[in-house]
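This report describes the strands, salt bridges and surface of one protein model. Please look at the sequence and the structure before reading on.

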Amino acid sequence: FHVKDASGAAVIRAENGGDSKIVDLIADSTGGLLRTVGSYPLVFNTNQTERARIDASGNFGIGTSAPKEKLDSRGSAVFSGDHATATNAYGTAHGILLSSTSNLGKITAVSNGSNDVKLEIRGLDGGSANSNQLVLDGGTSNVGIGTSAPAATLHVDASNSGVTPNANADELFVEGSGNAGITIGTGTSGAGQLCFGDSGDNDIGALAYLHDVNAMRFSVNGPE
């Protein structure tokens, strides 16, 4: 069965005469086209069961007959291999990009080609992207805030200090090119504490500020 139009588009039309539903299969100068002629969905079936559809407004649904967004997929999904994206902060074009308008606020999964993947989450600040807002490094299991290369289990980088964390103290690394610090906030009658523990005692050493009496307490080997 071969339909050819030497002068223009070749059309195969299926029409339901009962309610005038029409589906066209067209070959023209731009390529192939499958379309409905009217405000009704285009449905894809296998084994006489609906698997996907494009509704009259252009929403594409997988596993649903009533897609609510441009892509509405119900059930699990697998993404594998290298997926091309726009240029990103890692300088590579491999990954999966979920992006807002103009590729500003986005979630990007980026492969380094060695089965290591970084997940980058960026928000918007007045319409501009915050670079490296949150990075989960699959190669090291480190988490970075403000850095694409977290050097500790949790690395908070307000601005680069040039410091590499000590290998015996690299679970939390907070840095800034000027002042840097950590604030512990409590109620006016509470205590802010930093505890040192082991398998036998979870506060064998401690440093605490007691706000109710405005005193600093140092504890070594248990007692104050």
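## Strands and salt bridges

V11 has I26 in strand 2 as its bridge partner. The model is predicted, so local features need pLDDT of at least 70 and side-chain atom pairs count only at pLDDT 80 or more, while totals for chains, interfaces and linings use all residues. Residues are numbered from 1 along each chain as its sequence is written, and side-chain values use heavy atoms, with hydrogens and water left out.

Strands here are DSSP runs of E with at least two residues, numbered from the N terminus. Two strands pair if DSSP finds at least two bridges between them. Strand 1 (residues 10–16) pairs with strand 2 in the antiparallel sense over seven bridges. The two form a hairpin with four residues between them, and S20 in the turn has a positive phi of about 60°. Strand 2 also pairs with strand 3 (residues 31–36), in the antiparallel sense over six bridges. In this second hairpin, two residues lie between the strands. The bridge partner of I26 in strand 3 is L33.

How many salt bridges does the structure hold? There are five, where a salt bridge is a side-chain nitrogen of Lys or Arg within 4 Å of a carboxyl oxygen of Asp or Glu. The table gives some of them.

| Pair | Distance, N to O |
|---|---|
| D24 and R13 | 2.7 Å |
| D24 and R35 | 3.0 Å |
| E50 and R53 | 2.7 Å |

Salt bridges that share partners join R13, D24 and R35 into one network. D24 lies in strand 2 and R13 in strand 1, so their salt bridge ties together parts that are eleven residues apart in sequence.

Is D24 buried or exposed? Buried means under 20% relative accessible area, exposed means over 50%, and partly exposed is in between (1.4 Å probe, protein chains only). D24 is buried, at 0%. Its partner R13 is partly exposed at 46%, and R35 is partly exposed at 34%. In the other listed pair, E50 is partly exposed at 29%, whereas R53 is buried at 15%.

K21 lies over the face of Y40, at 5.4 Å from the ring centre. A charge sits over a ring if NZ of Lys or CZ of Arg is within 6 Å of the ring centre and within 35 degrees of the ring normal.

Further along the chain, V220 is found in strand 19 (residues 215–220). V220 counts as exposed, at 66% relative accessibility. V220 and I204 are 16 residues apart in sequence and 6.4 Å apart in space, C-alpha to C-alpha.
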